[in-house]
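Welcome, and please take a moment to look over the model below. We will walk through it together, one region at a time.

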Amino acid sequence: MTYEPKDETLELLRSLSEAFGVAGFEDEVRALIQERIEPYVDELRTDAMGNLIAYRRGRGDRVLMLDAHMDEIGFMVSYIEENGFLRFAPLGGWDARIIPSHAMTIRTQSGQLVKGAVGTPPPHILKPEERDKPFPLEELFVDIGASSREEVEQRGIRIGSPAVIAYPFERLNEGVVMGKALDDRVGCAVLIETLKALKGEELEVTLAANFAACEEVGLRGARTAAFQIEPDIALALEGTVAADVPGVHAVRQPTALGKGPAITVADRSLIPNPKLVDFLLELAEEEGVPCQLKVPPFGSTDAGAIQQTGKGAIAGVVSVPCRYIHSPFSLMRLEDFANTVKLTVAFARRCRELF
Ligand SMILES: [Zn+2]
């Protein structure tokens, strides 16, 4: 039987995906999450970094930290030309070849969204040697239709205004959705649904949910959050690289769509305790949740920062496979999402067994 998501789950994914939340500017995402989780937690605060930290008190003194990052990769206005064109700097790991010819949304000082185009010279006027080369990032510009620097400034844009390539969230067919920022709004959605599913239950551990800021620019939020939470055990919930597409050899396909949550055995930021990996695999089997091991060592995650902060923690990563992350949109299977929630809920209930 095909998995049919609840309307409210789809709506959650849609609003999280479409929210504006470039690294360092996560306020819209944070407000949205805060409103959704308030009924399910005992305590909630935003720290100086911008992390949203929520506690759900349990029995005993062990602390489980579940982390999902709110920020998405984006841009920042770096210069405004006399004639009204904008230059921009990347925030997070972009592939410069895929930025041209998209629409860009810039957020003004007052929170308004201004649309523009990442313009490119038409092929007609390119020299033959220019046609085969990607445009260097520093030569790209955004055209918002303004004709002077003053006009740009009057619209509320200045150096430092954040921007993103924005696509609407869409359901491609019964099982597959596409939208921007699934890395890591899908992790935020897993964490929200986990808190919901645990409503009213007393856990063996205190659960600290961290919706992290600034992951995409160096795992910054998770580090200060872990320092405050002092977890014994932690999972980063991610939307991770799926590369099950034509032309990619299996050894370079970290995960594939439809095979369930991906469990990390090593990435560039951490090597999880093998006991934790085994525990997750056993748990998945007992719960009847399909799962896959993520092919190492691609990517880095908040778990790497959490593992090394303060006294350290047993840390691992569970991810929803998403194709095309770190591009203007990504694509995932709803069933993988649902199975990741199931595994995370089971982990929260039983992680005390690890000690
Ligand atoms: Zn991520």
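Two strands are said to pair if DSSP finds at least two bridges between them. The strands themselves, like the helices, are DSSP runs numbered from the N terminus: helices are H or I runs of at least four residues, and strands are E runs of at least two. Before we start, keep in mind that this is a predicted model, where local features need pLDDT of at least 70 and side-chain atom pairs count only at pLDDT 80 or more, while totals for chains, interfaces and linings use all residues. Residues are numbered from 1 along each chain as its sequence is written, and side-chain values use heavy atoms, with hydrogens and water left out.

Let us begin with strand 1 (residues 43–46), which runs antiparallel to strand 2 and is joined to it by 4 bridges. Within this pair, E43 stands opposite Y55 of strand 2. The two strands form a hairpin with 5 residues between them, and G50 in the turn has a positive phi of about 105 degrees. Strand 2 also has a partner in strand 12 (residues 206–212), paired in the antiparallel sense over 5 bridges. There, I53 stands opposite N210 of strand 12.

How many residues of strand 2 are buried? Strand 2 spans residues 52–56, and 5 of its 5 residues are buried, where buried means under 20% relative accessible area, exposed means over 50%, and partly exposed lies in between, using a 1.4 Å probe and protein chains only. The cover reaches both faces: L52, A54 and R56 are buried on one side, and I53 and Y55 on the other.

A second hairpin can be found further along the chain. Strand 6 (residues 103–107) is mostly covered, with 4 of its 5 residues buried. Strand 7 (residues 113–119) runs antiparallel to strand 6, and 5 bridges join them. The hairpin they form has 5 residues between its strands, with G111 in the turn showing a positive phi of about 95 degrees. Strand 6 is also joined by 3 bridges to strand 9 (residues 162–165), again antiparallel. M104 is a handy residue to follow here: its bridge partner in strand 7 is G116, and it stands opposite I165 in strand 9.

Now turn to the zinc ion. Which atoms coordinate it? The donors are H69 (NE2), D183 (OD), E238 (OE) and E238 (OE), at 1.9 to 2.5 Å; donors are N, O and S atoms within 2.8 Å of the metal (3.2 Å for Na, K and Ca), and water is not among the atoms, so sites may look incomplete. Along the chain, the donors follow the spacing H-x113-D-x54-E. D183 in helix 5 (residues 182–197) and E238 in strand 13 (residues 233–242) link distant parts of the chain, 55 residues apart. Both D183 and E238 are buried. H69 sits in strand 3 (residues 63–69), and H69 is buried too, with a relative accessible area of 1%.

Why is the arrangement around the zinc ion irregular? The 4 donor atoms subtend angles of 53 to 144 degrees, which makes it so. Four donors count as tetrahedral if all angles lie between 85 and 135 degrees; four count as square planar and six as octahedral if opposite donors are over 155 degrees apart and all others between 65 and 115; anything else is irregular.

D183 turns up again when we look at open space. The largest pocket has a volume of about 410 Å³. Among the 23 residues that line it, the closest to its centre are D183, V241, G299, I325 and H326. Strand 13 gives the most to this lining, with 5 residues. On a 1 Å grid over the protein atoms alone, a pocket is an open set of points with protein on both sides within 12 Å along at least five of seven lines, a cavity is a set where a 1.4 Å probe fits but cannot get out, and lining residues have an atom within 4 Å of a point. Grid points are joined across faces, edges and corners, and a volume is the space filled by probe spheres set on the points.

As for cavities, the structure holds 3 of 30 Å³ or more, and the largest cavity has a volume of about 140 Å³.
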